[in-house]
Amino acid sequence: MAQTTVHTELAEAVRTIQRLVRTAAPGSVSGDQARRVVDLFAQAERAAASGIALFSPVVVESGSFAKAGHGSAAEWLGAVSGSSAGAARARLAAAGRAAGDRALTEALHEGDLSAAQLKVVSETAATAPESTGDLLDLVTKGASHQELSDTAARLKAAARSRESERARRARVHQCRHLRAHQRPEGGIRGEFVCDEVAWARVAPRLETDARRRWKAAGQKESLDAHRLDAFLALLGGTDGTPTPGGSARPHTLVIVDAEALRRGSLQGGELCEIEGIGPVSVEAATELLGEGALQFLVRDGIDIRTVTSTTRTVPQRMAAALVVRDRTCAVAGCGKRHGLEVDHCREDFAANGPTNLDNLARLCPEHHDLKTYGGWRLEGAPGRWRWIAPAHPKSARYIAGARRIAAAKAAAKAAVRRE
């Protein structure tokens, strides 16, 4: 297509979208209609991101941005896209990598690759060139950004040699830091960088205390808020304010494929990961052997089907096997992996449903609420779960109300038991 034609048709498309936005009356449509409109705008946004990625390398190479009075390509793209120069620099870097990758260029011409997806795929391809096809397949299948990022992290971990992994960890150690500053609106904001192994030695106690606090508070605030409370208590050398709910021994899973452990390195899609932290090298994982707060689980070294229970509580060994099987929320496309809850998916426990792996699945809190209060169902099996809508889906407002009523009833029963 000639450049003049591209410019003319695109200008008309932009004017059409701008006119639709100017004349839009969101209050006059139903929630379902608004959702479909947002879906279409999201498609337009991905198409626009793909177009920016295709054409911006030409602007960089030609230096045309200077003709518009900009001192750098990042400054130019940041100005025209309404983003920071740093964000624009990242987009330009991803576009530049894609320009040298035929598969990525073809994917951009399809017009359905967001800026965030392009960044993940192109960065991974720089480390593991053979990964592009697999990651683009995930995008085509509608994988969530979390699923895409998790797969990319595993592919990059497998592509690194032992020597480069040591060099990477040395660089991380050299740039380790903890910074804090006061925000203009009040409060302190902090950030830190440390090695994954160092964090794994702290994370079990922190996460256990955070979840205990969160449950004791009735899950009214975010888990992140209670994680900060637990972190501050840990820094203070105390357990913080006592909270009810037991004192389960803190532990974190280190999940590794048997072949990778025997070999001492990763190949292909093999897994070596600290649950809740992410992929690490086999060498880094083996440093944690013997740590009291960490549990190693070799994926082919445990018969996960022989463990059952007659109580609602999931035994630790079965819980570990469930984490290995359901790495993310069981609902296809969700991809969430933190704060997952165990659900009796086929037969509810209240209806004498068994506590075994065939009747358990991990769901994020939001999808768990949809299933519990909104009538949604999870059918199928691990790796091929189907998320089935009820005949008359409920709104988020209805589900939130049902959850509050259930929580109030549970609190009342607990109060009666204490009396």
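1. Cys 175 is partly exposed in this predicted model, because its relative accessible area of 41% falls between the limits for buried and exposed residues, under 20% and over 50%. Its sulfur lies 10 Å from the closest cysteine sulfur, that of Cys 194. A disulfide would require the two sulfur atoms to be within 2.5 Å, so this pair is too far apart for a bond.

2. Cys 334 presents another case. This residue counts as buried, with a relative accessibility of 14%. The closest cysteine sulfur to that of Cys 334 belongs to Cys 329, at 3.8 Å. That separation is also too far for a bond, because the cut-off is 2.5 Å. Across the whole structure, the search returns 0 disulfides.

3. Strands E1 and E2 should be considered together. E1 covers residues 177–182 and pairs with E2 in the antiparallel sense, over 6 bridges. Within this pairing, Ala 180 has Gly 190 in E2 as its bridge partner. The hairpin of E1 and E2 has 5 residues between the strands, and in this hairpin Gly 186 adopts a positive phi near 110°. How many of the 6 residues of E2 are buried? The number is 0, so E2 lies largely in the open.

4. The aromatic contacts deserve a separate remark. The count comes to 3 aromatic pairs. In one of them, the ring centres of Phe 192 and Phe 231 are 6.3 Å apart and the planes meet at 20°; the pair is therefore stacked, as the angle is under 30 degrees. This pair links distant parts of the chain, with Phe 192 in strand E2 (residues 188–193) and Phe 231 in helix H12 (residues 223–235), 39 residues apart. Phe 192 is itself partly exposed, at a relative accessible area of 39%. Together with Trp 199, Phe 192 and Phe 231 make up one aromatic cluster.

5. Trp 376 and Trp 387 also form a stacked pair, because their ring centres are 5.4 Å apart and their planes stand at 15°. Here too the pair links distant parts of the chain, 11 residues apart. Trp 376 is in the loop between helix H16 (365–374) and strand E11 (377–379), whereas Trp 387 is in strand E12 (residues 386–388).

6. A charge over a ring may be noted as well. Lys 394 lies over the face of Tyr 398, at 4.9 Å from the ring centre.

7. Turning to the open sheet, its 4 strands follow the order E5-E4-E3-E6, with mixed pairing. Which strands stand at the edges? They are E5 (278–279) and E6 (294–298); each has a single partner strand, so one side of each is left without a neighbour in the sheet. E6 pairs with strand E3 (residues 252–256) in the parallel sense, over 5 bridges. In that pairing, Val 254 has Phe 296 of E6 as its bridge partner.

8. Is Arg 168 buried or exposed? Its relative accessibility is 15%, so Arg 168 counts as buried, the limit being under 20%. The residue sits in helix H9, which spans residues 162–174. Leaving aside residues up to four places away in sequence, Arg 168 touches Arg 160 and Glu 196. With Glu 196 there is also a side-chain polar contact, of 3.3 Å.

Notes:
Residues numbered from 1 in each chain as written. Predicted model: local features only at pLDDT ≥ 70, side-chain atom pairs only at ≥ 80, totals over all residues. Heavy atoms only, no water. Helix = DSSP H or I, 4+ residues; strand = E, 2+ residues; numbered from the N terminus. Buried < 20%, exposed > 50% of the residue type's maximum accessible area, 1.4 Å probe, protein only. Polar contact = N/O pair within 3.5 Å; in protein donor to acceptor, adjacent residues only side chain to side chain. Contact = heavy atoms within 4.5 Å. Pairing = 2+ DSSP bridges. Phe/Tyr/Trp six-rings, centres within 6.5 Å; stacked < 30°, edge-to-face > 60°. Lys NZ or Arg CZ within 6 Å of the ring centre and 35° of its normal.
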